[in-house]
Amino acid sequence: MDFRTVSHTTNEQDHPQPHRMRQKHLSCLQGESEERDKGSIIESFVTNFSNIYESELLPARNGEKLTEHFLHEVVDILLSYIKKTYDGKSKVLDFHHPHQLLEGLEGFSVELSDQPQPLEQILVDCRDTLKYGVKTGHPRYFNQLSSGLDIIGLAGEWLTATANTNMFTYEIAPVFIVMEEILLKKMHEIIGWGESEADGVFSPGGSISNLYSILVARYKRFPEVKTKGMAALPDIALFVSEHSHYSIKKAAAVLGIGTDNVVSVKCDARGKMIPSELERAILKVKRQGKVPLYVCATAGTTVYGAFDPLACIADIADKYNLWMHVDAAWGGSLLLSGRHSYKLSSIERANSVTWNPHKLMGVPLQCSAFLVREKGVLQACNQLCAGYLFQPDKQYDTAYDTGDKTIQCGRHVDVFKLWLMWRAKGTQGFEILINRFLELAEYLYKELKTRKNYELVFDAEPELTNVCFWYIPPSLRQIPKGPEREKRLHQIAPKIKARMVEEGTAMVGYQPHGDNVNFFRMVFSNPATKKPDVDFLLDEIERLGKDL
């Protein structure tokens with residue numbers, strides 16, 4: 001029997017209840033063979049989901065086979081997508097404008113309906129969602145610091161979603177809570193802190209980890225802020241490099257400190273904070289009657305990939321009693337590389353560190369750790385002892401109820417995929433991966449120096465995987481440097497990027513920075529990327545931009 005002949009309408013009067021429709025299917029099949037097992041009956045028609053609904057899946061009675069076949073279909077969709085992702089000949093994206101997605105594309109609608117849709121439509125929606133998205137694991141996707149698709153990490157994310165638990169207490173997430181402790185201890189050890197003295201928590205991204213650093217620094221200096229608020233505190237000042245991530249200013253706004261009290265410290269041409277400028281800024285703030293509280297050094301800036309001089313900044317922090325935080329969201333993973341870890345020398349002197357394994361370590365989004373050298377301060381800062389969660393008389397060691405250390409109540413399990421990848425790769429595997437990314441950056445840097453149509457934003461070997469450059473089309477090559485050339489050059493990268501996205505051949509980021517007009521920023525964090533992909537990108541930029 002072909003169940004595609006059974007009609008379906010969304011009219012409420014004619015729309016039979018899913019359980020009745022299922023009974024109809026079963027009775028028809030049983031009429032043909034009364035002796036047939038019900039599980040076999042479901043298996044015989046389950047390949048056609050046009051009249052099957054979500055309410056018939058588990059936990060519905062006898063929903064096991066339907067659920068199994070539906071999930072097999074989903075896995076087939078995912079596997080097909082994964083294969084296309086790794087296929088360099090496929091498009092990185094099939095671009096459409098927002099209004100096109102809102103209006104609907106080839107039967108794909110994002111509108112929500114009051115009536116349930118059959119599982120066949122749900123499967124189509126899954127395919128179309130991936131079809132019109134961006135393949136961030138594609139070997140020619142260079143757009144963001146987080147890219148790639150790690151298969152073990154993907155498996156870890158699937159298991160995490162299946163477990164569907166919360167990280168606030170040991171009683172409902174015992175294995176994940178212990179894994180988080182193991183991972184934090186490992187990261188403390190790699191930084192250079194003793195495991196007994198340090199603490200931390202996995203948070204929803206580097207911006208929140210950076211917010212934690214200011215929150216804890218403020219509490220450590222002024223514990224009365226927890227009960228009395230900012231009105232009880234003197235004016236405080238935070239210090240960041242002018243190339244730091246914008247999340248510090250955003251955190252200052254969120255925490256009531258105010259963005260005017262975030263002091264940007266000058267950097268050198270390479271993008272590193274200048275220590276003498278930091279000290280000058282601290283003295284200026286003190287003369288204004290403010291309290292210098294906190295300095296954020298960056299280990300791997302977002303655009304240039306620069307590392308601030310941590311030892312010099314630590315000396316100044318000690319001298320003026322500042323909390324020193326290192327935003328190593330991007331560059332922290334270099335600690336796993338024997339070849340490159342020296343770039344984070346003296347990070348162990350920091351009071352706190354942000355480290356995002358979802359960047360260079362390739363862990364699926366999101367996975368960010370906030371690490372703090374002093375044990376207990378995170379708990380004291382955030383603890384409120386909610387009686388319905390954190391009862392002190394539980395039958396186990398309630399020190400493992402870590403939820404009161406966080407500003408969240410519900411907390412997603414971000415640790416398992418990292419733990420599983422660490423088991424699969426070992427620390428050595430991560431080191432190999434990270435070294436390969438740096439080798440690709442060096443290859444691109446050397447290749448750019450040989451091509452007459454390109455100019456480097458600064459001529460220095462990359463410290464991280466960031467490589468910044470301009471493409472100079474033939475029309476600009478004979479124009480002397482000056483305002484007119486800069487004005488025209490500023491328009492080149494956006495136009496090339498737009499053409500590239502429309503064709504779907506690659507994705508790379510661009511931006512202005514300081515006095516520099518728009519330039520391309522290449523970053524490597526995708527395990528699928530190889531040298532031919534780098535060559536392709538440079539050739540593609542020239543192809544798309546030579547007539548500009």
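Which residue in S6 is the bridge partner of tyrosine 294? In this predicted model, the bridge partner of tyrosine 294 is tryptophan 323.

## Strand S6 and its neighbours

Strand S6, which covers residues 323-328, has 6 of its 6 residues buried, and it is therefore largely enclosed by the rest of the structure. In a regular strand the side chains alternate between the two faces of the sheet. Both faces of S6 are covered, with Trp323, His325 and Asp327 buried on one side and Met324, Val326 and Ala328 buried on the other.

Strand S5 (residues 291-298) runs parallel to S6 and is joined to S6 by 5 bridges. Between these two strands the chain passes through helix H12 (residues 310-320), and the resulting β-α-β crossover is right-handed. S6 is also joined to strand S7 (residues 352-355), again in a parallel arrangement, by 4 bridges, and here histidine 325 has serine 352 of S7 as its bridge partner.

## The open sheet

An open sheet of 5 strands follows the order S1-S11-S12-S10-S9, and its pairing is mixed. Strand S1 (141-142) and strand S9 (454-456) form the edges, each of them pairing on one side only. Within this sheet, strand S11 (residues 507-513) and strand S12 (residues 516-522) run antiparallel and are joined by 4 bridges; the bridge partner of glycine 509 in S12 is arginine 521.

## The largest pocket

The volume of the largest pocket is about 520 Å³, and its lining consists of 28 residues, with Lys375, Ala399, Tyr400, Thr402 and Lys405 lying nearest the centre. Helix H7 (174-191) and strand S2 (199-203) are the elements that give two or more residues to this lining, and the largest share, 6 residues, comes from H7. Divided by class, the lining of the largest pocket holds 9 nonpolar, 9 polar and 10 charged residues.

## Cysteines

A disulfide is a covalent bond between the sulfur atoms of two cysteines. A search of the whole structure finds 0 disulfides, and cysteine 267 is accordingly in none, with the nearest cysteine sulfur, that of cysteine 296, 11 Å away. Cysteine 267 is buried, its relative accessible area being 11%.

For cysteine 381, the closest cysteine sulfur belongs to cysteine 385 and lies 13 Å away, which is too far for a bond, given that a disulfide requires the two sulfur atoms to be within 2.5 Å. Cysteine 381 is likewise buried, with a relative accessible area of 9%.

## Backbone geometry in the loops

Two cis peptide bonds can be described together with their places in the chain. One joins leucine 58 and proline 59, with omega at about 15°, and proline 59 is found in the loop between helix H2 (38-45) and helix H3 (64-86). Another joins leucine 365 and glutamine 366, where omega is about -5°; glutamine 366 lies in the loop between S7 and strand S8 (368-372).

Positive phi values occur at asparagine 164, where phi is about 45° although the residue is not a glycine, and at asparagine 321, where phi is near 60°. Asparagine 164 belongs to the loop between helix H6 (151-163) and H7, and at 66% relative accessibility this asparagine counts as exposed. Asparagine 321 sits in the loop between H12 and S6; because exposed means over 50% relative accessible area, asparagine 321, at 51%, also counts as exposed.

Technical notes: Residues are numbered from 1 along each chain as its sequence is written. This is a predicted model: local features need pLDDT of at least 70, side-chain atom pairs count only at pLDDT 80 or more; totals for chains, interfaces and linings use all residues. Side-chain values use heavy atoms; hydrogens and water are left out. Buried means under 20% relative accessible area, exposed over 50%, partly exposed in between (1.4 Å probe, protein chains only). Two strands pair if DSSP finds at least two bridges between them. A crossover is right-handed if, with the strands pointing away from the viewer, the path from the first strand over the helix to the second runs clockwise. On a 1 Å grid over the protein atoms alone, a cavity is a set of points where a 1.4 Å probe fits but cannot get out, and a pocket is an open set with protein on both sides within 12 Å along at least five of seven lines; lining residues have an atom within 4 Å of a point. Grid points are joined across faces, edges and corners, and a volume is the space filled by probe spheres set on the points. Ala, Val, Leu, Ile, Met, Phe, Trp, Tyr, Cys and Pro count as nonpolar, Asp, Glu, Lys and Arg as charged, and the others, Gly among them, as polar.
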